[in-house]
Amino acid sequence: MEAPPDNDVLWARSLHFRHPDGSPALAGVSLAVREGEILAVTGPRGSGKTTLLRCLSGLVPVRMGEVWFNSTPLHTLGPMRRERLRRDRFCWIDPAPVLVPELNAWENVALPLMLRGAGRRRAKIAALEWLERLDVGDKARKRPYELQQAERQRVSIARALVPAPTVLFADEPTAPLHHADRTQVLRTLTTAARSHAITVVLASHDPGAAALADRTLALLDGRRVSTLHLPDANDTEGRAACSLSV
Ligand SMILES: Nc1ncnc2c1ncn2[C@@H]1O[C@H](COP(=O)(O)OP(=O)(O)OP(=O)(O)O)[C@@H](O)[C@H]1O
């Protein structure tokens, strides 16, 4: 088992994944993500974007293929060590915001810092700064149920950025936002990641995401493809009309 090159923060080789019910999701994906790089993972519905992020982040165990984080072979780690790695080095943004309902917005954002040992005062200052950057500074004292879905997602994004993780996995982070807000939020996310040297793996249908990323990796039916021509809205054949070149 050979460790990946030094400047790759994430590295996968021949990654295969089947869901517990046997459904195939990934069929031999290999990739390398450099430190500080923003990689957009694109592809139609069901192409395996979420599954790829889940494998790379250690959320699910990899049984076929290899996934490395720096010099750590994630595919060999048990659940406890994967969990610790995820807590200490990674952050995750879901397509739908998941916040602690008992905590207000700033407390939700401050939580990962406090879990990593920061004092409440320092964590609060950082949380308020990030809420301002995400344009929800005026909602800092609101509980999640008092916020709109799009505001909750902005709070979730602030919470993922505040601890400056080594790698941020963002699965359709702008899905609950209005179209007009998406580019601005994505720009805030990518600018913040660049200024803090955070590596980002961003799954998205949004063409704006690819435009803001350093590089794009396209998936189709669990495989990497180098060009992907999606069907237009009038094409009733759907995914069958995708042209594939590997
Ligand atoms: N829990 C599950 N059990 C069985 N099959 C699943 C499960 N989750 C996803 N799949 C299937 O695995 C394949 C890959 O799904 P995945 O969610 O990774 O794709 P995706 O590109 O992220 O799709 P979307 O854009 O809709 O989120 C699809 O065929 C999907 O139907």
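Two strands pair if DSSP finds at least two bridges between them; keep that in mind for the strand views of this predicted model.

**View 1. Strand 9 and strand 10 form a hairpin.** Strand 10 covers residues 223-225 and runs antiparallel to strand 9, with three bridges joining the two. That clears the cut-off of at least two bridges, so the strands count as paired. One bridge to look for links Leu-220 with Arg-223 in strand 10. Two residues sit between the strands, and Asp-221 in this hairpin takes a positive phi near 50°.

**View 2. Strand 9 also joins strand 3, this time in parallel.** Here strand 3 (residues 38-42) and strand 9 (residues 215-220) are held together by four bridges. Zoom in on Thr-42 and you'll find its bridge partner in strand 9, Ala-218.

**View 3. The ligand and its shell of residues.** Around the ligand sit His-19, Asp-21, Ser-23 and Ala-25, along with Gly-43 and the run Arg-45, Gly-46, Ser-47, Gly-48, Lys-49, Thr-50 and Thr-51. Sorted by class, that's eight polar residues, three charged and one nonpolar. Helix 1 (residues 49-56) supplies the largest share of the shell, with three residues.

**View 4. Helix 3 and what its buried residues pack against.** Helix 3 spans residues 105-115, and its buried residues are Ala-105, Trp-106, Asn-108, Val-109, Ala-110 and Leu-113. These pack against helix 4 (120-133) and helix 5 (149-161). After helix 3 comes Gly-117, with a positive phi near 105°.

Key. Residues are numbered from 1 along each chain as its sequence is written. This is a predicted model: local features need pLDDT of at least 70, side-chain atom pairs count only at pLDDT 80 or more; totals for chains, interfaces and linings use all residues. A residue is near a molecule or strand if its C-beta atom, placed from the backbone, lies within 6 Å of it. Ala, Val, Leu, Ile, Met, Phe, Trp, Tyr, Cys and Pro count as nonpolar, Asp, Glu, Lys and Arg as charged, and the others, Gly among them, as polar. A residue is buried if 20 or more other C-beta atoms lie within 10 Å of its own, exposed if 12 or fewer, and partly exposed in between; C-beta atoms are placed from the backbone. Two residues are in contact if their C-beta atoms, placed from the backbone, lie within 7 Å.
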